[in-house]
Amino acid sequence: MVQWNNPCKNIVPSFLRKETKGKGKPTHSGTKGKIMAFVVEPAFIQAPEHRPKPTITEAAGGIPLIDLSPLLHYPIPVDGGAAPPAVSAMVAEVEAACREWGFFQVINHGVPSELLDNIMAAAKGFFALPMEEKRQVKRDKAKLLGYDDTEHTKNVRDWKEVFDFIFQDPAGFAEPGTDEYYAFKNQWPKYPPSFKEACETYATAANELAFKLLELIALTLGLPAKRLNGFFKDQSSFMRLNYYPPCPSPHLALGLNRHKDAGVLTILAQDDVEGLDVKRRSDGEWIRVKPIPNSYVINVGDIVQVWSNDKYESAEHRVCVNSEKARCSVPFFFNPAHYVTVQPLEELIDEKNSPAKYNAYNWGEFFKTRKNSNFKKPGGENIQIYHFKKAE
Ligand SMILES: O=C(O)CCC(=O)C(=O)O
Ligand SMILES: [Fe+2]
């Protein structure tokens, strides 16, 4: 039994169960019904094979670290123009990182550090609010954006709270005028007062970085830099603020269970508390991603895996929690418009030597099926890209 003084006053009440001794109402005084400990609710407990190991594995050098400063000095070459050597070297690094890991970290990315500081402060301020205040902007079936503390991944509850928002018209998610369109409207909390502005300003900068990374990825596939940009007219990108409270049993629960990101790419900012693990392709080992100040963790999602016809793979990742510190992260999920058909890119397919490995699917349908599963009683497996894989 873990004896634990909850270091976080605002912890979601449904995360913890009070273990009491004696009969009667729980009380902190006297012997009858005395609270002995707070323990994790059973819904959070992972099957033994998915629990984090007691030791953290750190790969030598970790996931690749790529310096994007050439982008601050040179434009990305379009129309097959020759690239300056510094840009070509950077493209080669991105190619190797996507192929070997599906993950990398970037520095000198051009996003002003104060924008990240502001959104992190806004996130911490929001999650520290009393529950009644956070529930004012709660997500549900009719309001798909805002606050939630009940997400499940792979049918086990995640030890986290989230806040989701989009930074442009919901047309990227649904046909204008439909109920769904209105379901993708932002809900902004009253507090902290700077919250909305910090979120919107940061999202605009993250979106610019996402387009640069998209163009680099196109170059790594031997395509013109802007080949993929058209899929992002009416984009369905969204941002999430993740808050992982301290957990009394970090060896039993996960902040976010193992998963792959479904979209094109994710730009993740993490604070200085570590917890993100990436599954290394070579041996299936979970490797910890060490936080580097003012850097971003980038990963290619399932759509890049399909576009590249498996040249790149979207890597599995998860988040571990700890008993002392809360952790915050801010992912920007860069996604195409809901009406985009996802399939291997025709330039990379040759029916004789490298046939398409996936059948085409509609991004909006895929995304909706994923999102709806958050509101169902957990059970059954979520939609995955291997459901569209052609028989070999
Ligand atoms: O919090 C993190 O480090 C990762 C978050 C993540 O993978 C996600 O929200 O999809
Ligand atoms: Fe993720």
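**Two sheets and the helices packed on one of them**

Modeller: In this predicted model, helix α2 (residues 85–100) lies across β3, β4 (103–107) and β14 (296–300), at about 160° to β3. Residues are numbered from 1 along each chain as its sequence is written, with chains lettered from A and ligands numbered from 1 in the order in which they are written. Local features need pLDDT of at least 70 and side-chain atom pairs count only at pLDDT 80 or more, whereas totals for chains, interfaces and linings use all residues.

Colleague: What does helix α6 touch on the sheet?

Modeller: Helix α6 (residues 195–220) touches β8, β9, β11 (265–270), β14 and β16 (327–334), where contact requires C-beta atoms, placed from the backbone, within 7 Å. Its direction makes about 130° with that of β11, an angle taken on the 0 to 180 degrees scale between N-to-C directions of axes fitted to C-alpha atoms, for helices over the stretch in contact.

Colleague: What makes β8 and β9 a pair?

Modeller: Pairing asks for at least two bridges found by DSSP, and strands β8 (residues 161–165) and β9 (residues 238–244) have five, in the antiparallel sense, so the definition is met. Strands here are DSSP runs of E, at least two residues, and helices runs of H or I, at least four, numbered from the N terminus.

Colleague: Why is one side of β10 and of β13 left without a neighbour in the sheet?

Modeller: The open, antiparallel sheet has the order β10-β15-β12-β13. Because β10 (256–259) and β13 (286–288) stand at its edges, each has a single partner strand. For β10, β15 (residues 317–319) pairs over two bridges, and H259 stands opposite H317.

Conventions
Two residues are in contact if their C-beta atoms, placed from the backbone, lie within 7 Å.
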